[in-house]
Structures are given as structure tokens and as C-alpha cells.
There are 2 protein chains.
Amino acid sequence: MARAATTSDAFNAVAEPRRREILNYLALQERPVGEIVDALEMEQPSVSKHLRVLKDVGLVHARRDGRQMFYRTNAEAIRPLHDWAGTFERYWKHQLIRVKERAEEKSGAVKKD
Amino acid sequence: MARAATTSDAFNAVAEPRRREILNYLALQERPVGEIVDALEMEQPSVSKHLRVLKDVGLVHARRDGRQMFYRTNAEAIRPLHDWAGTFERYWKHQLIRVKERAEEKSGAVKKD
DNA sequence: TTGACATATTCCCATATAGGAATGTATTGT
DNA sequence: ACAATACATTCCTATATGGGAATATGTCAA
């Protein structure tokens, strides 16, 4: 079997750097495709294709206004990713504590703040 | 150009569901490959290959003990992902506030708690 | 050294891109 | 209706898988 489709979920969709750039840009406010093309200096078809992927997994919402299509980031869809990564927070905090403890042992100092 | 390599960064590496399972499992404590195989019911070569990818991007650390290789999650490497997703936190909070406000408008109730 | 155990790597293949080029579609102005 | 504008989709191709099977490598025990 090949790799999972980028359209399968948010994890795969944000694995692409350009798509993260688009999400960052659209988080500030909704924008028509043309502005994304100009701002991020990407080819228009490329932007449309990335937006299609993002829309399919629910990471962006689209609204038509005349000839333009306005897109905006649906931050809510990024939460599962944040939550998953967050489950490791206690582990990296523990690691930092251990690093700090070792540093204090080495220095021989007993800080009391 | 094809899709970016899974070894290019943590984002690509965790896009694979089985690799997230492995990271979850190894976060609790270090484990030899054989236990991962048994616990997650995956083929041994498959586990070794996923571990290789995870190690290449720094998401796990390995330690040899006799014939066994013990792996453990390097939570620190997951922080960039958590941080990136976290930049959207204020946006989804805003959305929740708006949803709440609309709900209150509709109900016509003025809660004072 | 030989055999067994624990992992890692290689080979093969079906599949899914991502980018570039070209083309199709929707909407507006005249 | 027709041209122009703004996007979306299709076609093509090089590339990168991820799983299964087979094999190679590393380590320990006798």
C-alpha cells in the first residue's frame, strides 16, 4: 500500500509546508485566492489544489463573492492536532525538569528560590 | 515533484497513523521492538521501518541492550508541532465565543453568571 | 564455530502525490 | 452574445512511499 491520502485527515494535510503557510495566512482573515497567490508567491493552480485538500479535510471554509472565492482557516479543525501533541506535554516537561536537576547537581549549587 | 519525504520533518512523520500509535505507546516507557510488535499487532519489519523514520526525524531515541533495541519517544521533538497548532488557539477560542453569543441571542436569555 | 533470537534492510509493487502546462467553468461588464 | 476576470480541474510525470516476503546483520549461548 502507498502512503495515506493527504485528504484522509488533518495530519496528512498539514504535513505539506505550503499548506501550513496558507493556513497561517488565512487565519488572520479571509482572503480571495488571488491574494494568496500574490502573498505567498505560488502558482494559482497550485494554490487552488492545496485549498481543495484543505477544504476536503475541513481545515478551511470557502465563500463565493462574485467572481472571487474567499477562504478562511477553520481553526477548530486544528484542535485535534493540538490535542494529540498536547498529550506529550507532560513528558517534555519531565525531561526539562530532569535536565534542570542534572545541571544543578553538576554546578553543586543548592538554589533556594 | 512528488510529496515530501516522511523523513523530512516531524510533520510528515506523524502523518502516518501507525507512527502516532507507536509514539503514544513509547511515551509511557521505553520498549524493545518485539513488545511494540505484540502490543500494536504489526509486522516486525513494518515496526522497524516506522521506527527508522521516527528516529531519523528525532521523534524517538534508541538504546541497545544485548540483542534488543529499546526505543522511547522523544517528546521534545513533538513540541514544534504543538506550538504550531497552538498559534491557532486564539482563533478557535474566538469562534467558540461567537457561537456562544449567537446561542444566547437566539434563546433571548440574559444570563448573569 | 554453530545455532537461535532480535532487529534491520532490501526488493518489488500498487498507489498517491505535487508541480507545471493546458484547459474548463463560473461570473460580471458591455 | 462576447470578452475578460477569477478560479478550478485535468493530464502528465518524477518521486516517495508502506506493506509483504525474503534476506541480512548483530548479539548471545553452548
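Let's start at the DNA: on the surface near DNA strand D, α4(A) is the biggest contributor, giving six residues. Keep in mind as you look around that this is a predicted model.

Staying with DNA strand D, you will find 28 residues surrounding the strand. The closest of them come from both protein chains: P32(A), G34(A) and P45(A) on one side of the list, and A2(B) and A5(B) on the other. Several elements take part in this surface. From chain A, α3 (33-40), α4 and β3 (68-73) each supply at least two residues, and α4 of chain B does so as well. What classes of residue make up the surface near DNA strand D? There are eleven nonpolar, eight polar and nine charged residues.

Now turn to DNA strand C, which has 28 residues around it. Here A2(A), A5(A), P32(B), G34(B) and P45(B) come nearest. Chain B brings α3 (33-40), α4 (44-56) and β3 (68-73) to this surface, while chain A brings α4 (44-56), each with at least two residues. Which element gives the most to the surface near DNA strand C? That is α4(B), with six residues. Sorted by class, the surface near DNA strand C holds eleven nonpolar, eight polar and nine charged residues.

With the DNA in view, we can look at how the two protein chains meet. In this contact, 23 residues of chain B touch 23 residues of chain A. On the chain B side, α1 (10-13), α2 (17-28), α5 (79-86) and α6 (89-107) each contribute at least two residues. The most comes from α5(B), which gives six residues to the side that touches chain A. As for the classes on this side of chain B, 13 residues are nonpolar, five are polar and five are charged.

Finally, let's follow chain A by itself. Chain A contains six helices and three strands. If you trace the sequence from its start, these elements follow the pattern α-α-β-α-α-β-β-α-α. So far we have met α4(A) and β3 of chain A by the DNA, where each supplies at least two residues of the surface near DNA strand D. How many of the residues of chain A count as buried? Of its 113 residues, 26% do. The contacts within the chain also tell you how its sequence is brought together: among contacts with a separation of 6 or more, 49% are between residues 24 or more positions apart.

Conventions
Residues numbered from 1 in each chain as written. Chains lettered and ligands numbered in written order. Predicted model: local features only at pLDDT ≥ 70, side-chain atom pairs only at ≥ 80, totals over all residues. Helix = DSSP H or I, 4+ residues; strand = E, 2+ residues; numbered from the N terminus. Buried ≥ 20, exposed ≤ 12 C-beta atoms within 10 Å, placed from the backbone. Contact = placed C-beta atoms within 7 Å. Near = placed C-beta within 6 Å. Nonpolar A, V, L, I, M, F, W, Y, C, P; charged D, E, K, R; others polar.
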